[in-house]
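I opened the notebook to keep track of what I looked up, one entry per topic. The sequence and structure come before the entries.

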Amino acid sequence: MSVPRLEPSIRLFWIFAVGVTAGVATGCQDGRPSRAMDGGAGNSGAGGSSVTPADGDGLPRDTALPCGDRPGRCDDGSSGGSGGGGGSDRDAGSGDAQGGGPSDAGGDLGWAGMSDAVPPDATTAAGCGVRVIAAGDGHTCALMRSGGVRCWGFNGDGQLGDGTMTDRPLPPGADVLTDAHQIDLGGYHSCAIVGSAGAVRCWGDNSSGQLGDGTRSSRARPGGDLLTGVAALSSAPLHTCALTKAGGVRCWGGNDLGQLGDGTTAERTSPPTVDAVTGAIAVSSRYYHTCAVMKASGGVRCWGANESGQLGDGTMLDRPTSPANDVATGIATVAAAHIHTCALTVTGGLRCWGGNTNGELGDGTTTIRPMPPASDAMAGIHSVVTGFSHVCVLTTAGAVRCWGSNDYGQLGDGTKAARRSPGADVVTGVESLAAGTWHTCAVLRTGAAVCWGRNEYGAIGDGSKTDRSRPTATKLCP
């Protein structure tokens with residue numbers, strides 16, 4: 001298997017401190033080989049006061065903003081890799097946590113970077129309105145209301161799908177794919193569900209077979225159909241998972257820590273013909289672990305890497321198969337992150353467990369938690385998304401709050417200071433949310449999109465390569 005990159009520029013090797021590091025690498029204690037990645041400078045309740053956005057954010061001066069690659073086994077906090085950000089939404093219906101409801105086979109399903117599966121609406125002029133946005137490591141994609149897909153930012157592996165490997169700091173004017181119902185981004189690859197048959201198509205990095213086309217050759221345009229009958233997708237940097245309409249979970253790509261859930265650590269370059277899990281209503285794959293929510297029990301089951309307790313089973317032992325027992329119940333959907341996991345309860349509560357070096361669990365501490373907490377960290381939550389070591393939620397009031405690491409302004413509060421608990425609202429009037437490795441994006445109820453955080457390769461989409469610590473208008477439409 002080729003050695004994956006974390007960042008688009010130089011190769012760096014990252015090593016984890018087991019049970020200690022969440023986005024900050026010091027030294028391996030688990031004896032596992034580190035991941036190598038191309039790295040540059042490094043680089044996913046209502047109320048609160050509001051402030052006028054700072055100059056240069058691309059938003060009108062009177063807009064109120066309420067105050068507030070490739071991944072490795074570890075990261076030093078100054079550079080890191082990501083999948084498309086984990087995300088979950090508790091609303092029923094199809095789609096991901098970012099969009100107005102998670103995609104599922106008959107209940108809630110969601111995770112980072114995916115769009116909601118609501119049928120495309122072609123009534124918006126020129127298809128300019130954004131339905132859902134998805135964030136990867138250094139790139140971003142939007143699913144337009146017309147069903148078109150447009151991507152921008154880093155393009156070193158063809159993940160923008162435009163047939164080139166040229167970076168784009170501005171969104172293109174043309175779609176790379178049409179008739180899409182969901183989009184989802186891994187670290188350096190992109191996938192979509194298209195057409196009435198629920199077919200999966202992927203493009204970009206394929207170093208571990210994550211495109212599922214039977215090869216390890218990257219592609220700069222969307223490939224052919226891999227599977228049909230798919231309700232939702234969840235892409236990690238090196239593997240991809242699909243939730244079928246029948247409730248089965250099938251994963252392919254990298255599998256060195258059992259993240260495919262097939263009982264082995266063998267890489268798969270094509271989707272398997274047998275489900276790793278059945279009876280699921282949600283799936284979330286991030287980095288080296290994968291989680292599902294079971295329809296019958298509303299319980300969470302996770303497998304793969306577990307060095308920081310992210311599987312929630314009370315141990316720090318990796319698991320190559322789905323466990324037989326739930327680690328939590330009453331869960332609507334789940335969002336796996338780098339070395340932590342967050343779940344949204346059916347009552348709108350948020351509970352997170354696993355690594356907590358940067359305060360990702362939102363409990364005000366940096367204490368590791370190898371099991372789900374007994375109480376909610378927040379209430380009144382509509383959806384949750386996870387970046388490499390930051391978390392953001394969309395409240396039922398349509399406001400966004402974030403916490404965790406903030407090296408590039410990914411929390412959107414105007415600073416670069418990390419937070420161990422949820423901050424004030426950073427933007428309101430939000431319809432859907434997405435988190436990449438070090439940037440975050442939201443779709444407003446108006447159909448416009450805003451992003452903030454790392455922008456070295458143009459992932460914010462404002463035409464610059466300047467990091468943004470506040471929500472900044474993405475120039476998707478003229």
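**Entry 1: a buried pair**

I looked up Cys-241 and Cys-251 and found that both are buried. I note here that the model is a predicted one. The two cysteines form a disulfide, with their sulfur atoms 2.1 Å apart. I read 110° about the S-S bond, and this link of Cys-241 and Cys-251 is right-handed. Next I checked where the two ends sit. Cys-241 is in strand 13 (residues 239-244) and Cys-251 is in strand 14 (residues 249-253), so the disulfide ties together parts that are ten residues apart in sequence.

**Entry 2: other disulfides**

How many disulfides does the structure hold? I found seven. I wrote down two others from this set.

One disulfide joins Cys-191 to Cys-202, with 2.1 Å from S to S. The link of Cys-191 and Cys-202 is right-handed, with 110° about the S-S bond. I placed Cys-191 in strand 10 (residues 189-194) and Cys-202 in strand 11 (residues 199-204), so this pair ties together parts that are eleven residues apart in sequence. Are these two cysteines buried or exposed? Cys-191 has a relative accessible area of 1%, so I entered it as buried. Cys-202 is at 3% relative accessibility and also counts as buried. The cut-off I needed for this step is that buried means under 20% relative accessible area.

Another disulfide joins Cys-291 to Cys-302, and its S to S distance is 2.1 Å. The link of Cys-291 and Cys-302 is right-handed, at 110° about the S-S bond. Cys-291 belongs to strand 16 (residues 289-294) and Cys-302 to strand 17 (residues 300-304); the pair links distant parts of the chain, eleven residues apart. I noted both Cys-291 and Cys-302 as buried.

**Entry 3: the largest nonpolar core**

I then turned to the largest nonpolar core, which has 15 residues. Which of them touch the most other members? I listed Cys-392, Val-400, Val-427, Val-430, Leu-433, Ala-442 and Trp-452. The elements that give two or more residues to this core are strand 22 (390-395), strand 23, strand 24, strand 25 (439-444) and strand 26 (449-453). Strand 24 supplies the largest share, three residues.

I followed Val-430 further. Without its neighbours within four places in sequence, Val-430 is in contact with Leu-394, Gly-398, Val-400, Ala-442, Val-443, Leu-444 and Arg-445. Apart from this core I found another one, of 14 residues, among them Cys-141, Leu-143, Val-149 and Leu-160.

**Entry 4: Gln-410**

Where does Gln-410 lie? I found Gln-410 in the loop between strand 23 (400-404) and strand 24 (430-435). The relative accessible area of Gln-410 is 0%, so I entered this residue as buried.

I looked next at what the side chain of Gln-410 reaches. It comes to 2.8 Å from the backbone nitrogen of Tyr-408. A polar atom of the same side chain lies 3.4 Å from the backbone nitrogen of Asp-407.

Last, I listed the contacts of Gln-410, not counting residues up to four places away in sequence. Gln-410 touches His-390, Cys-392, Ser-405, Trp-438, His-439, Thr-440, Trp-452 and Gly-453. I marked Cys-392 and Trp-452 in this list, since I had already written both down for the largest nonpolar core.

Terms used: Residues numbered from 1 in each chain as written. Predicted model: local features only at pLDDT ≥ 70, side-chain atom pairs only at ≥ 80, totals over all residues. Heavy atoms only, no water. Helix = DSSP H or I, 4+ residues; strand = E, 2+ residues; numbered from the N terminus. Buried < 20%, exposed > 50% of the residue type's maximum accessible area, 1.4 Å probe, protein only. Polar contact = N/O pair within 3.5 Å; in protein donor to acceptor, adjacent residues only side chain to side chain. Contact = heavy atoms within 4.5 Å. Core = buried A, V, L, I, M, F, W, Y, C linked by side-chain atoms within 4.5 Å. Disulfide = S-S within 2.5 Å.
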